[in-house]
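Reader: I'm new to this one, so could you walk me through it with a few questions and answers?

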Amino acid sequence: MKKVLIATEKPFAKTAVDGIKAVFQKANYEVVMLEKYTDKADFLKAVADVDALIIRSDKASREVIEAGKNLKIIVRAGAGYDNIDLAAATEKGVVAMNTPGQNSNAVAELALGMMVFMARGQFKGISGTELKGKTLGIHAYGAVGRLVAKIAKGFEMEIHAFDPFASKEAMEKDGVKVENSVEDLYSKCQYISLHIPATAETKKSINFELLSKMPKGATLVNTARKEVIDETGLAKILEERPDFKYISDIAPENHADLLKFAERYYSTPKKQGAETSEANINAGLAAANQIVNFLEKGDKTYQVNK
Ligand code: 3PG
């Protein structure tokens with residue numbers, strides 16, 4: 001009997017877990033749950049004899065991959081797979097996958113909610129501003145970026161985007177103004193919503209110089225990854241520009257230092273972009289089905305370590 005480990009330090013909603021279990025039950029697989037674990041040793045022990053692994057932001061490090069002696073597939077139930085050591089997976093012949101698009105709506109809704117929250121003085125009853133008529137720059141036009149554009153249209157924002165990998169025609173068709181450089185995007189937009197992955201190229205790329213280009217009354221919204229921010233540059237812009245606001249779903253390393261800007265800075269206590277039962281069900285079921293399809297039919301759609 002094939003064995004699957006679901007290792008989620010931040011567990012899926014119960015409805016999602018029930019759905020995932022049903023997929024594996026139908027395939028006659030055994031499911032092992034490791035939720036809310038705090039000790040890496042527990043993860044290493046649990047992965048030792050499983051064929052497949054489902055994770056969220058949990059770290060599938062080289063150590064974890066090497067501990068999984070029977071491991072054939074890891075599925076990150078979500079979009080970003082910067083938490084999987086892809087080189088180690090490839091070396092060990094383990095297929096790594098994500099579930100693109102499955103939790104995008106939850107993240108996009110949060111990004112817009114964060115804009116409203118900052119525009120309205122963090123709901124503290126003070127006079128704020130409206131999103132209507134403001135310029136919004138979408139930095140990377142993938143599954144989440146597209147949905148942010150769609151929702152922002154309802155707010156009557158003027159939407160710009162920069163993404164060298166996305167189709168210009170598709171962006172224009174969505175009514176989005178296509179920018180040819182990241183500098184142009186930041187220069188024109190009062191709001192910037194980040195949707196870039198954390199890669200060697202993007203890490204620390206959102207720096208003081210780039211943020212300085214944003215117009216007066218700028219708000220940076222981060223539902224992507226903390227690693228893409230140059231945190232020294234972020235602290236500097238908050239210090240030098242009393243009009244600059246930052247809201248993040250992933251607390252920066254220098255969170256405590258930034259609290260002195262609390263009127264213009266906010267970070268959620270725990271990453272919650274994909275924390276909806278809908279997103280958990282979509283991503284969790286997709287992960288389960290991808291595992292069964294791979295182990296039974298060799299289907300490698302969504303493999304990210306090719
Ligand atoms: C993703 O990459 O899909 C999101 O960041 C969600 O991450 P989470 O599953 O840890 O909430």
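Reader: Before we start, what kind of model is this, and where does Phe-123 lie?

Author: It's a predicted model, so local features need pLDDT of at least 70 and side-chain atom pairs count only at pLDDT 80 or more, while totals for chains, interfaces and linings use all residues. Residues are numbered from 1 along each chain as its sequence is written, and side-chain values use heavy atoms, with hydrogens and water left out. Helices (H or I, at least four residues) and strands (E, at least two) are DSSP runs, numbered from the N terminus. On that numbering, Phe-123 lies in the loop between α5 (104-119) and β6.

Reader: Is Phe-123 buried or exposed?

Author: Buried means under 20% relative accessible area, exposed over 50%, and partly exposed in between (1.4 Å probe, protein chains only). Phe-123 has a relative accessible area of 58%, so the residue counts as exposed.

Reader: What is phi of Phe-123 near?

Author: Most residues other than glycine have a negative phi. Phe-123 isn't glycine, yet its phi is positive, near 60 degrees.

Reader: Which loop holds Lys-204, and is that residue buried or exposed?

Author: Lys-204 lies in the loop between β9 and α9 (208-212). Phi of Lys-204 is also a positive value, near 60 degrees. With 57% relative accessibility, Lys-204 counts as exposed.

Reader: In what order do the seven strands of the open sheet run?

Author: Strands of a sheet pair through backbone hydrogen bonds, either parallel or antiparallel. Here two strands pair if DSSP finds at least two bridges between them. The pairing in this open sheet is parallel, and the order is β8-β7-β6-β9-β10-β11-β12.

Reader: Which strands stand at the edges?

Author: Look for strands with a single partner, because one side of each is then left without a neighbour in the sheet. Those are β8 (177-178) and β12 (265-267).

Reader: Which residue of β9 is the bridge partner of Leu-136?

Author: Strand β6 (residues 135-139) and β9 pair in the parallel sense over four bridges. On the β10 side, β9 (residues 191-194) again makes four parallel bridges, and there Tyr-191 stands opposite Thr-219. The bridge partner of Leu-136 in β9 is Tyr-191.

Reader: What hand does the crossover from β10 to β11 have?

Author: β10 and β11 (residues 245-248) pair in the parallel sense over four bridges, with Leu-220 opposite Tyr-246. The chain gets from β10 to β11 through helix α10 (residues 231-240). A crossover is right-handed if, with the strands pointing away from the viewer, the path from the first strand over the helix to the second runs clockwise. This β-α-β crossover is right-handed.

Reader: Which residues cover the two faces of β10, buried or exposed?

Author: Strand β10 spans residues 219-222, and both of its faces are covered. Thr-219 and Val-221 on one side, and Leu-220 and Asn-222 on the other, are all buried.

Reader: How much of the ligand does the protein bury?

Author: A polar contact is a pair of N or O atoms within 3.5 Å (within protein, one must be able to donate a hydrogen and the other to accept it, and residues adjacent in sequence count only if both atoms are side-chain atoms). Side-chain N or O atoms of Lys-10 and Lys-271 each come 2.8 Å from a ligand oxygen, and a polar side-chain atom of Arg-76 lies 3.0 Å from one. Taken alone the ligand exposes 320 Å² (Shrake-Rupley method, 1.4 Å probe). Of that area, the protein buries 95%.
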